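Reader: I am new to this structure and would be grateful for a close look at a single part of it. Please take one place where two helices meet, and then follow the chain outward from there.

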Amino acid sequence: MARLSHKTGVEEKGQRTARSTDVYLPKEGKEVSWCKKCGIIYRQKRWFMDPTELEQVKADPAAGTLVCPACQRMRDNVPGGVVTFSGDYLKKHEEEVLELIKNIEAKSRAKNPLGRIMEIRQEGSELTVSTTEDKLAQKLGRDIFRSHKGDLHFKWSEGENFVRVEWKRD
Ligand SMILES: [Zn+2]
């Protein structure tokens, strides 16, 4: 079922699922845990990066260790979103767009440290970015669309927190 949104140039397909259970979320247990791969801390259902606190948590014998959802997705190569950028316009502005993609990720990570870019692939005139969370994929598409116009499409996978985002400008 295709649905055109009121915003010009943006098309959304499929339905976004309301917060389904994420298989990568840790089971309840320890008061505080940290990720062995990236050092993110998990406490009271919140994830955060804090190097000073990480040292204290590591020294705490009651603290648990885990592999956070972002690191698990990277290990299993299971992205939460994939964004493709294409079109003639991209060829001329690729550096600029790439720079912006990295800035968007950095800003987003300050708020949500689990939303990360897994991989950026450049193939021919196409740029493919996979992310650990669907939200970051959407944000990349929306922010590039906002600053560079073009056409933006979202395709939601049913029953999953997965989105395919396509941006194109000729
Ligand atoms: Zn991690």
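Author: The contact between H3 and H4 is made, on the side of H3, by His-93, Val-97, Leu-100, Ile-101, Ile-104, Glu-105 and Ser-108. From H4, these residues are met by Leu-136, Lys-139, Leu-140, Asp-143, Ile-144, Ser-147 and His-148. Sorted by class, the contact of the two helices holds seven nonpolar, four polar and three charged residues. The model in which this contact is seen is a predicted one.

The geometry of the pair can be stated briefly. H3 covers residues 88-111 and H4 covers residues 134-148. Their axes are 10 Å apart, and the helices pack at an angle of about 135°. H3 and H4 are therefore oblique to each other, and their crossing is right-handed.

Gly-115 belongs to the same part of the picture, since this glycine lies in the loop between H3 and S8. Leaving aside residues up to four places away in sequence, Gly-115 touches Ser-108, Arg-109, Thr-131, Thr-132, Glu-133, Lys-135 and Leu-136. Two of these names, Ser-108 and Leu-136, have already appeared in the contact of H3 with H4. Gly-115 and Leu-136 are 21 residues apart along the chain, yet their C-alpha atoms are separated by 5.8 Å. Because 21 other C-beta atoms lie within 10 Å, Gly-115 counts as buried, the cut-off being 20 or more.

Beyond the end of H4, the chain passes into a loop that leads to S10, and Lys-149 lies in this loop. The phi of Lys-149 is near 55°, a positive value in a residue other than glycine. With 13 other C-beta atoms within 10 Å, Lys-149 is partly exposed.

S10, which spans residues 151-156, pairs with strands on the way back to the N terminus and on the way forward. S2 (residues 10-13) runs parallel to S10, and four bridges join the two. Within this pairing, Glu-11 stands opposite His-153. S11 (residues 163-168) runs antiparallel to S10 and is joined to S10 by six bridges; here Asp-151 stands opposite Lys-168. The hairpin of S10 and S11 has six residues between the strands, and in this hairpin Gly-159 takes a positive phi near 75°. In general, the strands of a sheet pair through backbone hydrogen bonds, in either a parallel or an antiparallel manner.

On the other side of H3 in sequence lies H2 (69-76), which is followed by a loop leading to S7 (81-86). Among the residues of H2, Pro-69, Ala-70, Cys-71, Arg-73 and Met-74 are buried. These buried residues pack against S3 and against S8, the strand of residues 117-123. Just after H2 comes Asn-77, with a positive phi of about 55°, although Asn-77 is not a glycine. Asn-77 lies in the loop between H2 and S7. Only 9 other C-beta atoms lie within 10 Å of Asn-77, so this residue is exposed; the cut-off for that class is 12 or fewer.

S3, against which buried residues of H2 pack, leads to a sheet of the model. Four strands form this open sheet in the order S5-S4-S3-S6, with mixed pairing. S5 (46-48) and S6 (64-66) stand at the edges and have a single partner strand each, so one side of each is left without a neighbour in the sheet. Direction ignored, neighbouring strands of this sheet are turned by 30° against each other on average. S4 (residues 41-43) and S5 run antiparallel and are joined by three bridges, and the bridge partner of Tyr-42 in S5 is Trp-47. H1 (residues 51-59) packs on the sheet, where this helix touches S3 (32-35) and S4. The direction of H1 makes about 110° with that of S3.

A few totals place these parts in the whole. The protein chain has four helices and eleven strands. Of its 170 residues, 26% are buried. Among contacts between residues at least 6 apart in sequence, 65% join residues at least 24 apart.

Technical notes:
Residues are numbered from 1 along each chain as its sequence is written. This is a predicted model: local features need pLDDT of at least 70, side-chain atom pairs count only at pLDDT 80 or more; totals for chains, interfaces and linings use all residues. Axes are lines fitted to C-alpha atoms, for helices over the stretch in contact, and angles run from 0 to 180 degrees between N-to-C directions. Angles under 35 degrees count as roughly parallel, over 145 as roughly antiparallel, 65 to 115 as roughly perpendicular and the rest as oblique. A crossing is left-handed if the near helix is turned anticlockwise from the far one by less than a right angle, and right-handed if clockwise. Two residues are in contact if their C-beta atoms, placed from the backbone, lie within 7 Å. Ala, Val, Leu, Ile, Met, Phe, Trp, Tyr, Cys and Pro count as nonpolar, Asp, Glu, Lys and Arg as charged, and the others, Gly among them, as polar. Two strands pair if DSSP finds at least two bridges between them.
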